[in-house]
Amino acid sequence: MNQPYPAVAAWRAAGEAGDAEAAVAALSPGVTLLSPITERFTFQGRQQVRDLLEVALAAIDGITYTDQVAEGRTVALFYEAQVGGRRLGEAQRLRLRADGLISEITLFIRPLPALTLLMTRLGPELARRNRQPGLARLIPLAAGMLHSMADTGERHIMPRAAPR
């Protein structure tokens with residue numbers, strides 16, 4: 001793929017290599033990352049995004065970027081990967097500053113069971129990093145219930161409603 005955006009090329013390479021530090025180098029100091037899991041919080045600045053990337057890149061295996069679409073200073077990236085042996089797809093909307101660094105990241109993940117499984121893996125470690133050990137113990141319970149419902153629906157209920 002033609003890569004006229006150096007920061008985006010660096011971001012992609014870092015994601016495929018599982019290198020959080022290299023990914024952070026492509027970000028503006030005031031970067032904002034909008035959570036793919038909840039609208040209740042965002043990650044602000046390089047340090048918070050670094051913390052998320054370290055945890056996420058340890059949980060997600062085999063990131064392979066498949067598509068890139070750009071218009072002006074907005075780039076959409078798509079990748080395929082695995083989380084816990086389950087297929088995961090992610091779309092990323094990157095907004096770039098005039099200097100070419102990434103200033104905003106919005107993430108979209110599918111299918112739902114992959115997202116809920118990812119919640120069970122990311123949440124506890126992020127809570128521990130925020131010095132919230134009680135929350136780190138609660139998240140696997142809450143996220144585990146959501147994951148169980150999403151997984152059951154994906155495997156047993158939705159196939160019955162699929163187009164014939």
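Which residue forms a salt bridge with Arg86, and how far apart are the closest N and O atoms? The views below come from a predicted model.

**View 1. A salt bridge between Arg86 and Asp151.** The partner of Arg86 is Asp151. Their closest N and O atoms lie 2.6 Å apart. The pair links distant parts of the chain. Arg86 belongs to strand β5, residues 86–96. Asp151 belongs to helix α5. The two residues are 65 residues apart. The salt-bridge count comes to 10.

**View 2. Helices α4 and α5 in contact.** Helix α4 covers residues 112–129, and helix α5 covers residues 133–161. Their axes come within 8 Å. The crossing angle is roughly 175 degrees. Angles over 145 degrees count as roughly antiparallel, so α4 is roughly antiparallel to α5. From α4, the contact residues include Leu112, Pro113, Thr116, Leu117, Met119 and Thr120. Gly123, Pro124, Ala127 and Arg128 of α4 also take part. From α5, the contributors include Leu135, Ala136, Ile139, Pro140, Ala143 and Gly144. Leu146, His147, Ala150, Asp151 and Glu154 of α5 are also among them. By class, the contact has 13 nonpolar, five polar and three charged residues. Asp151, part of this contact, is also the salt-bridge partner of Arg86.

**View 3. A nonpolar surface patch with Leu138.** Leu135, Leu138 and Leu141 make this patch. Its area is about 280 Å². Leu138 sits in helix α5. Leu135 also appears in the contact of α5 with α4.

**View 4. The cis peptide bond at Pro111.** A cis peptide bond joins Arg110 and Pro111. Omega is about -10 degrees. Pro111 lies in the loop between β6 and α4. Strand β6 spans 102–110.

**View 5. Arg131 in the loop between α4 and α5.** This loop holds Arg131. Phi of Arg131 is near 60 degrees. That is a positive value in a residue other than glycine. The helices on either side of the loop are the roughly antiparallel pair of View 2.

Terms used. Residues numbered from 1 in each chain as written. Predicted model: local features only at pLDDT ≥ 70, side-chain atom pairs only at ≥ 80, totals over all residues. Heavy atoms only, no water. Patch = residues over 30% accessible without salt bridge, like charges linked within 9 Å, V, L, I, M, F, W, Y side chains within 5 Å. Areas by Shrake-Rupley, 256 points an atom, 1.4 Å probe, with all protein chains shown as cover. Salt bridge = Lys/Arg side-chain N within 4 Å of Asp/Glu carboxyl O. Helix = DSSP H or I, 4+ residues; strand = E, 2+ residues; numbered from the N terminus. Axes fitted to C-alpha atoms, helices over the stretch in contact; angles between N-to-C directions. Parallel < 35°, antiparallel > 145°, perpendicular 65-115°, else oblique. Contact = heavy atoms within 4.5 Å. Nonpolar A, V, L, I, M, F, W, Y, C, P; charged D, E, K, R; others polar.
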